[in-house]
Amino acid sequence: MSPQGNGNLLVMPLQEFVLDGFEGGPQTLALLFALFLALYVMAVLGNITMIVVITLDARLHSPMYFFLKNLSFVDLCYSSVIAPKALVNFLSSSKVITFDGCIIQFFFFALLGTTEALLLAMMAYDRFVAICSPLHYPITMCPSVCARLVLVSYCGGCLNSILQASFTFTLPFCSSNHIDHFFCDVPPLLKLACADTTINELVMFGLCGLIIVGTTLVVLVSYGYITVTILRMHSRGGRHKLFSTCGSHMTAVSLFYGTLFVMYAQPGAVESMEQGKVVSVIYTLVIPMLNPLIYSLRNKDVKDALWRLGQRHTAT
């Protein structure tokens, strides 16, 4: 492919990018490598454990845990899209990623991130139906409905990913191929573009804002009704159990949506890459690591299932 002229600037078609990642000397990078490795290993082990426990324990074969198993699968894949390449780059001097590799990494990052946001909203709706309309719950949230809701989450993630990737990777990039980040993401890529990125920024803010605000509204409305319903209950034990279950979900939702909003749904997000790197670590590694802990430590059903699985293993 021949170079393209862009005014007085010569635009060369890029074959690869360099992920600059974090600044620092060998000791700092070694510490970051150890931190990333620990977070990734905990995320993988925690989410695989949740998937296995929910699959093997028949008492957890309900809509709530069907969504939770899918959330664990998404978190497992989500962290795996980012962490392995970042870990290799901590030990490498080149830190190169091919142009196609960058597209693939971003595509799955956007797909899984959007899917997680939509899944959290589906889980809030599931809790709303279970607590506010318990008599209709078995019909409203039957297996086929749950499967369709999960499919909608993946389709929504795929659509957002295709749109974001199409708008970003059709831009002409300047001679510099250094991405000021530890993975391929829209804000640092826009800084390398030779063309006007106003439309791209509007698309990013528009799509991310729509997803974050829309799903947040579903969560807030669902939990508003749930809170009112729980407060009307006369059983203190029942109230405590429901608040414990819903509290786990609200903790996960607050962490995930909060970091996404800081990174993508405000105009100033594109300007601060150093802040963006720290925030990105939270939603790509910390949250996938924390979600299994949140749902297991604060959920009696999951803790009981873990104990039964352990007893079964000991008995054999």
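Guide: Welcome! One idea before we start: helices and strands here are DSSP runs, numbered from the N terminus, with at least four residues for a helix and at least two for a strand. The model above is a predicted one. With that numbering, K95 belongs to the loop between α2 and β4 (96–98).

Visitor: How many helices and strands does the protein have?

Guide: There are 10 helices and 5 strands. The protein has 316 residues, and 47% of them count as buried. Looking at contacts between residues at least 6 apart in sequence, 78% join residues at least 24 apart.

Visitor: Where is confidence lowest, and where is it highest?

Guide: Start with the general idea: pLDDT is the predictor's confidence in each residue, from 0 to 100. The average for this protein is 85, and 88% of the residues score at least 70. Strand β1 (residues 4–6) has the lowest confidence, at a mean of 47, whereas helix α5 (residues 143–169) has the highest, at 96. Along residues 1–10 the pLDDT is below 50, and that stretch makes 14 contacts in the model beyond near neighbours in sequence.

Visitor: Back to the loop, then. What is the phi of K95?

Guide: The general idea is that most residues other than glycine have a negative phi. K95 is not a glycine, yet its phi is positive, at about 55°.

Visitor: Is K95 buried or exposed?

Guide: Buried means under 20% relative accessible area. K95 has 17%, so it counts as buried. One of its contacts is N89, which touches L19 and K95 once neighbours within four places in sequence are left aside. N89 lies in helix α2 and is buried too, at 6% relative accessibility.

Visitor: What else should I look at in helix α2?

Guide: Try S79, which sits in helix α2 (residues 63–91). Its relative accessibility is 0%, so S79 is buried. A polar atom of the S79 side chain lies 3.2 Å from the backbone oxygen of L76. Setting aside residues up to four places away in sequence, S79 touches Y40, A43, P84, T284, L285 and P288.

Visitor: Which side chain makes a polar contact with the side chain of E116?

Guide: That partner is N291, at 3.4 Å. E116 is part of helix α3, and its relative accessible area of 1% makes it buried. Ignoring neighbours within four places in sequence, E116 is in contact with L71, V74, D75, Y78, F256, I287 and N291. Y78 shows how sequence and space can be read side by side: E116 and Y78 are 38 residues apart in sequence, and their C-alpha atoms are 9.0 Å apart.

Visitor: Where would I find an exposed residue to set against E116?

Guide: Look at I199 in helix α7 (residues 198–231). Exposed means over 50% relative accessible area, and I199 has 51%, so it falls in that class. I199 is 32 residues from F167 in sequence, with 8.7 Å between their C-alpha atoms.

Visitor: Which residues touch the most other members in the largest nonpolar core?

Guide: They are F17, F36, F67 and Y283, in a core of 91 residues. Helix α3 (residues 99–132) supplies the largest share of this core, 17 residues. To explore one of those four, take F67: beyond residues up to four places away in sequence, F67 touches L119, M122, M123, D126, M141, C146, L149 and V150.

Visitor: How do I read a pair of aromatic rings?

Guide: Check the distance between the ring centres, then the angle between the planes: over 60 degrees counts as edge-to-face, under 30 as stacked, and the rest as tilted. The model has 20 aromatic pairs. In one of them, the rings of F107 and F108 have centres 5.4 Å apart and planes at 90°, so this pair is edge-to-face. F107 is partly exposed, at 21% relative accessible area, and F108 is partly exposed as well, at 40%. F256 and Y257 form a tilted pair, with 6.1 Å between centres and 55° between planes. Both F256 and Y257 are buried.

Visitor: And which residue has its charged end over the ring of F22?

Guide: That is K277, whose charged end sits 6.0 Å from the centre of the F22 ring.

How values were computed:
Residues are numbered from 1 along each chain as its sequence is written. This is a predicted model: local features need pLDDT of at least 70, side-chain atom pairs count only at pLDDT 80 or more; totals for chains, interfaces and linings use all residues. Side-chain values use heavy atoms; hydrogens and water are left out. Rings of Phe, Tyr and Trp (its six-membered ring) pair if their centres lie within 6.5 Å; planes under 30 degrees apart count as stacked, over 60 as edge-to-face and the rest as tilted. Buried means under 20% relative accessible area, exposed over 50%, partly exposed in between (1.4 Å probe, protein chains only). A charge sits over a ring if NZ of Lys or CZ of Arg is within 6 Å of the ring centre and within 35 degrees of the ring normal. A nonpolar core is a set of buried Ala, Val, Leu, Ile, Met, Phe, Trp, Tyr and Cys residues joined through side-chain atoms within 4.5 Å. Contact means heavy atoms within 4.5 Å. A polar contact is a pair of N or O atoms within 3.5 Å; within protein, one must be able to donate a hydrogen and the other to accept it, and residues adjacent in sequence count only if both atoms are side-chain atoms.
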